[in-house]
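Q: I'd like a close look at one part of this model, the salt bridges and what sits around them. Could you walk me through that part slowly?

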Amino acid sequence: YQKILAGEYSVDVTGVTDENGIVTMGGMDKGLYLVCSDTCEINGYVYSSLPFFISLPDRNHEDNGWNYDVAVHAKIEQNPVVADYSVNKIWRDTGYENRRPSSITVSLICDGEPYGEPVTLPYEGHWSYTWRDLDTNHEWTVKEEIPEGYRSTVNREGSVYILTKTYMIETP
């Protein structure tokens, strides 16, 4: 809780929720307090609350008196933990670059099913793409088209998929 003092604020009281999400504060002076919370990550979700004000004492509407034992219920938002996933294309075809296609198509797969539209990776100094803000509570993979004459391997390093295309040298 932060008590508002003439346009400035200072931290007056801090607390930690119990296993039921309840914080109990004591010894607070009369005043207007700004309540701010930290975010909390549990089981792949981020929980947060928007800041709000409370007044001590609060008006007791039943008898029009003052209530010094104020209870508030913060609105908690639950959002999935998100991450960016990238794909980088590496070509192993030294001497055969002329056999390389001008672009390849990569599909993002979520829990075994295609997700969104496939992306085309053209050569413009790099072969890469990033999908933004994907829910980490799902299993993400990529699928690519393999040009004729190449074999492909896919490795994952954290949230980056490395697609390596190796040219298979033709033997007479």
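A: Let's start with Lys89 and Glu144, whose side chains meet in a salt bridge with N to O at 3.1 Å. By salt bridge I mean a side-chain nitrogen of Lys or Arg within 4 Å of a carboxyl oxygen of Asp or Glu. Lys89 lies in strand 10 and Glu144 in strand 14 (residues 140-144), so this pair ties together parts that are 55 residues apart in sequence. Strands here are DSSP runs of E, at least two residues long, numbered from the N terminus. Both Lys89 and Glu144 are buried, a word that stands for under 20% relative accessible area, while exposed is over 50% and partly exposed is in between (1.4 Å probe, protein chains only). The pair also belongs to something wider: Lys89, Glu144 and Lys165 are linked in a network of salt bridges.

Before going on, a word on where this comes from: the model is predicted, so local features need pLDDT of at least 70 and side-chain atom pairs count only at pLDDT 80 or more, while totals for chains, interfaces and linings use all residues. Residues are numbered from 1 along each chain as its sequence is written, and side-chain values use heavy atoms, with hydrogens and water left out.

Now for the other bridges; the structure holds 5 salt bridges. Asp84 and Arg132 form one of them, at 2.9 Å from N to O. Asp84 sits in strand 10 (residues 82-92) and Arg132 in strand 13 (residues 128-135), 48 residues apart. Asp84 has 30% relative accessibility, so it counts as partly exposed, and Arg132, at 55%, counts as exposed.

Glu139 and Arg156 make another, with their closest N and O atoms 3.9 Å apart. Glu139 is in the loop between strand 13 and strand 14, Arg156 is in strand 15 (residues 150-157), and 17 residues separate them. Because its relative accessibility is 47%, Glu139 counts as partly exposed; Arg156 counts as partly exposed too, at 43%.

Back to Glu144, which has a nonpolar neighbour: Val106 touches it, and among the other residues Val106 touches are Val87, Leu121, Trp131 and Val142. Touching means heavy atoms within 4.5 Å. Val106 is also one of the residues that touch the most other members in the largest nonpolar core, which has 18 residues. Such a core is a set of buried Ala, Val, Leu, Ile, Met, Phe, Trp, Tyr and Cys residues joined through side-chain atoms within 4.5 Å. Strand 11 gives the largest share of this core, 4 residues.

How values were computed: Lists of a residue's contacts leave out its neighbours within four places in sequence.
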